[in-house]
Amino acid sequence: MFKKLFLLALLCAPVSLCAQKFARYDFAEIMQALPAYQTAQTELQASGQKYESDLEEMRKEIQAKAEKFDKEINEQTPANIRERRQQELQEMYQKFQQAQDDNLEAFRQEQQQKLQPLQERVLAAVKEIITEGGYVIAFEKSNTEAAFSVLNETLIEDITAKVKAKLGI
């Protein structure tokens, strides 16, 4: 009896291995097709331009102050005035660097706030398609290309269109 069950298991194992389904999807293509993603990108671009214009104003102010300093300061200028002006320039430059770091962090947070819900929505749709389709695993297309240089494309189904349909796009 044990031998029969063992033989049955051995015979079924290759069949079950062949029956496994694999999928892949293009995350970037799906995200770019979402209308909410396009809106978020437009808003992020506007924020980025605002941050950049703020920094440009500071940069111009520092440059103007440095040029004024170069014109006014000569060998006859007392050392304490020279040091004070240099200190002012140094402080302005430090404020500029801090503003640059703060703007970058604010932009990253805004980007995460706007894009993370969309990414989660796409991944939830992918998980639903995987479950509904009985796939063993689904690879993200860009990761697949980077990780595996040779794949048998005939054994992997592209579910990008199914995910888009699930999301209503």
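The sheet here is an open one: three strands, ordered β2-β1-β3, with parallel pairing. At its edges sit β2 (135–140) and β3 (156–158), each of which pairs on one side only. Ignoring direction, neighbouring strands of this sheet are turned by 30° against each other on average. Keep in mind that this is a predicted model.

**How the strands are joined**

Let's take strand β1, residues 21–25. Towards β2, the pairing is parallel and runs over five bridges. Towards β3, which also runs parallel to β1, there are three bridges. As background, strands of a sheet pair through backbone hydrogen bonds, either parallel or antiparallel.

F22 is a handy residue to click on, with a partner on either strand: I137 is its bridge partner in β2, and I156 stands opposite it in β3. A23 faces β3 too, standing opposite E157. Here are those partners in one place:

| Residue | Opposite residue | Strand of the opposite residue |
|---|---|---|
| F22 | I137 | β2 |
| F22 | I156 | β3 |
| A23 | E157 | β3 |

**A helix on the sheet**

Helix α4 covers residues 79–133 and packs on the sheet, where it touches β1 and β2. Its direction makes about 150° with that of β2.

**The nonpolar cores**

Which residues touch the most other members of the largest nonpolar core? That core has 21 residues, and the answer is Y25, M31, L34, V122, I159, V163 and L167. Several elements chip in: β1, α2 (27–33), α3 (35–72), α4, β2 and α6 (160–167) supply at least two residues each. The largest share is that of α4, with seven residues.

V122 gives a good view of how this core is put together. Leaving aside residues up to four places away in sequence, V122 touches F27, I30, M31, L34, V163 and L167. Apart from the largest core lies another one, of five residues, including I62, M92, F96 and A99. For context, nonpolar side chains in soluble globular proteins tend to be buried together.

**Rings and charges**

What lies over the face of Y135? It is K21, at 4.8 Å from the ring centre. K21 belongs to the stretch 21–25 that makes up β1, while Y135 falls at the start of β2 (135–140). As for aromatic pairs, the structure holds one.

Note on methods: Residues are numbered from 1 along each chain as its sequence is written. This is a predicted model: local features need pLDDT of at least 70, side-chain atom pairs count only at pLDDT 80 or more; totals for chains, interfaces and linings use all residues. Side-chain values use heavy atoms; hydrogens and water are left out. Rings of Phe, Tyr and Trp (its six-membered ring) pair if their centres lie within 6.5 Å; planes under 30 degrees apart count as stacked, over 60 as edge-to-face and the rest as tilted. A charge sits over a ring if NZ of Lys or CZ of Arg is within 6 Å of the ring centre and within 35 degrees of the ring normal. Two strands pair if DSSP finds at least two bridges between them. Helices (H or I, at least four residues) and strands (E, at least two) are DSSP runs, numbered from the N terminus. Axes are lines fitted to C-alpha atoms, for helices over the stretch in contact, and angles run from 0 to 180 degrees between N-to-C directions. Contact means heavy atoms within 4.5 Å. A nonpolar core is a set of buried Ala, Val, Leu, Ile, Met, Phe, Trp, Tyr and Cys residues joined through side-chain atoms within 4.5 Å. Buried means under 20% relative accessible area, exposed over 50%, partly exposed in between (1.4 Å probe, protein chains only).
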